[in-house]
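Me: Hi! I have a model open and would like to talk it through with you. Could you take a look?

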Amino acid sequence: FDGITQGPYIPSEPTVGAGPLNIFSTGNVSVTVTDKDGSNKVETDGATFFGVPGAEGAISDAQCYYDALRGRFIALCFTQGTGPNFSNFYLAISKTNDARGAWWLYKFDMTKNGAAASANWADYQALGVSEDKIAMTGQMFSFSGDAYQYQKIRVLDRAAAYSGATLTYVDFFNFAAPPGG
């Protein structure tokens with residue numbers, strides 16, 4: 001059945017999460033929800049879905065998954081720009097197992113390492129969910145010159161995120177490669 005519409009960015013980098021009621025798909029421009037039989041496709045602008053302010057422009061590299069153990073869809077995208085410099089991750093978590101329902105939305109300033117500001121932005125994000133944590137990772141690049149700097153892992157409390165609570169996080173960043181690695 002029809003997936004996400006190809007936008008101006010090639011490749012569109014679509015990902016998909018399949019829940020018990022519907023299929024949720026994200027791409028570089030939009031998100032879709034489709035019934036499992038391929039009917040009732042609804043496509044929404046990704047920036048609108050994730051709550052991205054107009055000044056930040058389009059979303060990029062969105063990813064989505066279905067957490068079957070807890071009956072939730074989870075999605076992540078990023079925005080980045082200069083003048084002024086910004087780098088944000090947007091995390092969306094469905095409140096139920098129905099992607100057509102309500103979602104918790106979170107925004108994270110990825111220029112920060114813990115509470116300290118940096119001159120770096122995050123790209124190539126990834127997302128992981130465990131019994132008690134959500135981990136978001138990014139390759140950090142300098143705003144000046146776009147040179148790779150280091151890897152960052154931001155860790156959140158999964159239960160708090162799934163309940164819509166205000167989130168705190170712990171960052172692991174600029175760590176050395178393991179011996180022999």
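Me: Let's start with one ring: is Phe173 buried, partly exposed or exposed?
Reply: Happy to help! This is a predicted model, so please read everything below in that light. Phe173 counts as partly exposed, at 33% relative accessibility.

Me: And Tyr150, buried or exposed?
Reply: Tyr150 is buried, with a relative accessible area of 8%.

Me: How do the rings of Tyr150 and Phe173 sit against each other?
Reply: Their centres are 6.2 Å apart and the planes stand at 45 degrees, so this pair is tilted. It links distant parts of the chain, with Tyr150 in strand 13 and Phe173 in strand 14, 23 residues apart.

Me: How do strand 13 and strand 14 run, and how many bridges join them?
Reply: They run antiparallel, and five bridges join strand 13 (residues 148-157) to strand 14. One of the residues involved is Lys152, whose bridge partner in strand 14 is Phe173.

Me: What does the sheet around them look like, in strand order?
Reply: It is an open sheet of four strands in the order 11-12-13-14, with antiparallel pairing. Strand 11 (120-129) and strand 14 (169-173) are the edge strands, each pairing on one side only. On average, neighbouring strands of this sheet are turned by 20 degrees against each other, direction ignored.

Me: Now Asn120. Which strand is it in?
Reply: Asn120 belongs to strand 11. It is buried, with a relative accessible area of 9%.

Me: What does the side chain of Asn120 join up with?
Reply: There is a polar contact of 3.2 Å between the side chains of Asn120 and Tyr150. So Tyr150 takes part in that contact as well as in the ring pair with Phe173.

Me: Which other residues does Asn120 touch?
Reply: Leaving aside neighbours within four places in sequence, Asn120 is in contact with Met110, Thr111, Met140, Phe141, Ser142, Phe143, Gln149 and Tyr150.

Me: Back to rings. How many aromatic pairs does the structure hold?
Reply: It holds 14 aromatic pairs. Among them is Phe141 with Tyr148, an edge-to-face pair at 5.8 Å centre to centre with 75 degrees between the planes. Phe141 counts as buried at 14% relative accessibility, while Tyr148 counts as partly exposed at 44%.

Me: Which residues form an aromatic cluster?
Reply: Phe24, Phe49, Phe50, Tyr66, Phe73 and Trp103 form one cluster.

Me: Changing topic: what is the order of the sheet that contains strand 1?
Reply: The order is 1-2-3-4, in an open sheet of four strands with antiparallel pairing. Strand 1 (15-18) and strand 4 (42-45) are at the edges with a single partner strand each, so one side of each has no neighbour in the sheet. Neighbouring strands here are turned by 15 degrees against each other on average, direction ignored.

Me: How many bridges are there between strand 1 and strand 2?
Reply: Four bridges, in the antiparallel sense, with strand 2 covering residues 22-26. Thr15 has Thr26 as its bridge partner in strand 2, and Val16 has Ser25. The two strands form a hairpin with three residues between them.

Me: What about disulfides, how many are there?
Reply: The count comes to zero.

Me: Why is Cys64 not bonded to Cys77?
Reply: Because the sulfur of Cys64 is 11 Å from the one in Cys77, its closest cysteine sulfur, which is too far for a bond. Cys64 is buried, at 1% relative accessible area, and Cys77 is buried too, at 0%.

Me: Anything about the backbone? Which peptide bond is cis?
Reply: The one from Gly83 to Pro84, with omega near 5 degrees. Pro84 lies in the loop between strand 6 (72-81) and strand 7 (86-94).

Me: And which residues have a positive phi without being a glycine?
Reply: One is Asp146, with a phi of about 50 degrees. Asp146 sits in the loop between strand 12 (133-142) and strand 13 and counts as partly exposed at 46% relative accessibility. Another is Asn174, with a phi of about 55 degrees. Asn174 is in the segment after strand 14 and counts as exposed at 52%.

Definitions and conventions
Residues are numbered from 1 along each chain as its sequence is written. This is a predicted model: local features need pLDDT of at least 70, side-chain atom pairs count only at pLDDT 80 or more; totals for chains, interfaces and linings use all residues. Side-chain values use heavy atoms; hydrogens and water are left out. Two strands pair if DSSP finds at least two bridges between them. Axes are lines fitted to C-alpha atoms, for helices over the stretch in contact, and angles run from 0 to 180 degrees between N-to-C directions. A disulfide is a pair of cysteine sulfur atoms within 2.5 Å. Buried means under 20% relative accessible area, exposed over 50%, partly exposed in between (1.4 Å probe, protein chains only). A polar contact is a pair of N or O atoms within 3.5 Å; within protein, one must be able to donate a hydrogen and the other to accept it, and residues adjacent in sequence count only if both atoms are side-chain atoms. Contact means heavy atoms within 4.5 Å. Rings of Phe, Tyr and Trp (its six-membered ring) pair if their centres lie within 6.5 Å; planes under 30 degrees apart count as stacked, over 60 as edge-to-face and the rest as tilted.
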